[in-house]
Amino acid sequence: MIITLSDTLCFRFDEETNRELESLTAENSSRNAAVVDAIHDAYRNQVYERVRRESEALRDNPEYQAEVKAAREAMGSDDAW
């Protein structure tokens, strides 16, 4: 991966964030690794939350539920999810 200046991120953080970052780096992790891990965690959480909302929307959609029921009946399965 080629790193350019545009790939550099500078930010200012408060005392609480500084303490949290120090805690995250206490076990031989670099500040960079801690920030990268935090970004990955935040991204995963965002994806999981979106999938959860989409799943709930399907679960609560009577038309979708009717389609699922019809498909299960067509396959000869009447098991509940």
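# Reading a predicted three-helix model

The accessible surface of the protein comes to about 7,500 Å², and 53% of that area belongs to carbon and sulfur atoms. The model discussed here is predicted.

User: What elements make up the protein, and in what order do they run?

Analyst: The protein has 3 helices and 0 strands, and read from the N terminus the elements run α-α-α. Of its 81 residues, 6% are buried, a label that requires a relative accessible area under 20%.

User: How do you know that the span of helix 3 agrees with its number of residues?

Analyst: Helix 3 covers residues 62-74, which is 13 residues, and at 1.5 Å a residue these should span 18 Å. The expected span is 1.5 Å times one less than the number of residues. Because the C-alpha atoms at the two ends are 18 Å apart, the value found in the model agrees with the expected one.

User: What is found at the start of helix 3, and what just after it?

Analyst: At the start, a side-chain oxygen of N61 comes to within 2.8 Å of the backbone nitrogen of E63, and the limit for a polar contact is 3.5 Å. Just after helix 3, G76 adopts a positive phi of about 80°.

User: Why is the pairing of E49 and R52 called a salt bridge?

Analyst: The term asks for a side-chain nitrogen of Lys or Arg within 4 Å of a carboxyl oxygen of Asp or Glu. The side chains of E49 and R52 meet at 2.3 Å, N to O, so the pair satisfies that cut-off. The two side chains are also joined by a polar contact of 2.3 Å. Both residues belong to helix 2 (residues 31-59), and because they are 3 residues apart there, about one helical turn separates them.

User: What makes E49 and R52 partly exposed, rather than buried or exposed?

Analyst: Partly exposed is the class between under 20%, which is buried, and over 50%, which is exposed. E49 has a relative accessible area of 30%, and therefore counts as partly exposed. R52, at 36% relative accessibility, is likewise partly exposed.

User: Which other residue meets E49 in a salt bridge, and how do you know that it qualifies?

Analyst: The side chain of R53 meets that of E49 at 3.7 Å, N to O, which is within the 4 Å that the term allows. R53 and E49 both lie in helix 2, 4 residues apart, or about one turn of the helix. R53 has a relative accessible area of 44% and is therefore partly exposed. A network of salt bridges links E49, R52, R53 and E56.

User: How many salt bridges does the structure hold, and what makes R59 and D60 one of them?

Analyst: The structure holds 6 salt bridges. The side chains of R59 and D60 meet at 2.9 Å, N to O, so the 4 Å cut-off is met. Both R59 and D60 are exposed, a class that begins over 50% relative accessible area.

User: Why is the aromatic pair called tilted?

Analyst: The structure holds 1 aromatic pair. The rings of F11 and F13 have their centres 5.2 Å apart and their planes at 50°, so the pair is tilted. To count as a pair, ring centres must lie within 6.5 Å; planes under 30 degrees apart would be stacked, and those over 60 edge-to-face. F11, at 44% relative accessibility, is partly exposed, and F13, at 29%, is partly exposed as well.

User: How do you know that N18 has a polar contact with R31?

Analyst: The side chains of N18 and R31 are joined at 3.2 Å, which is within the 3.5 Å set for a polar contact. N18 has its place in helix 1 (residues 15-25). Not counting residues up to four places away in sequence, N18 touches F13 and R31. With a relative accessibility of 22%, N18 counts as partly exposed, because the buried class is reserved for values under 20%.

User: Where is N28 found, and what makes N28 exposed?

Analyst: N28 lies in the loop between helix 1 and helix 2. Its relative accessibility is 78%, and N28 therefore counts as exposed, the cut-off being over 50%. N28 also has a positive phi of about 70°, although N28 is not a glycine.

Key. Residues are numbered from 1 along each chain as its sequence is written. Side-chain values use heavy atoms; hydrogens and water are left out. A polar contact is a pair of N or O atoms within 3.5 Å; within protein, one must be able to donate a hydrogen and the other to accept it, and residues adjacent in sequence count only if both atoms are side-chain atoms. Buried means under 20% relative accessible area, exposed over 50%, partly exposed in between (1.4 Å probe, protein chains only). Contact means heavy atoms within 4.5 Å. Rings of Phe, Tyr and Trp (its six-membered ring) pair if their centres lie within 6.5 Å; planes under 30 degrees apart count as stacked, over 60 as edge-to-face and the rest as tilted. Accessible areas come from the Shrake-Rupley method with a 1.4 Å probe; for residues, only the protein chains shown count as cover.
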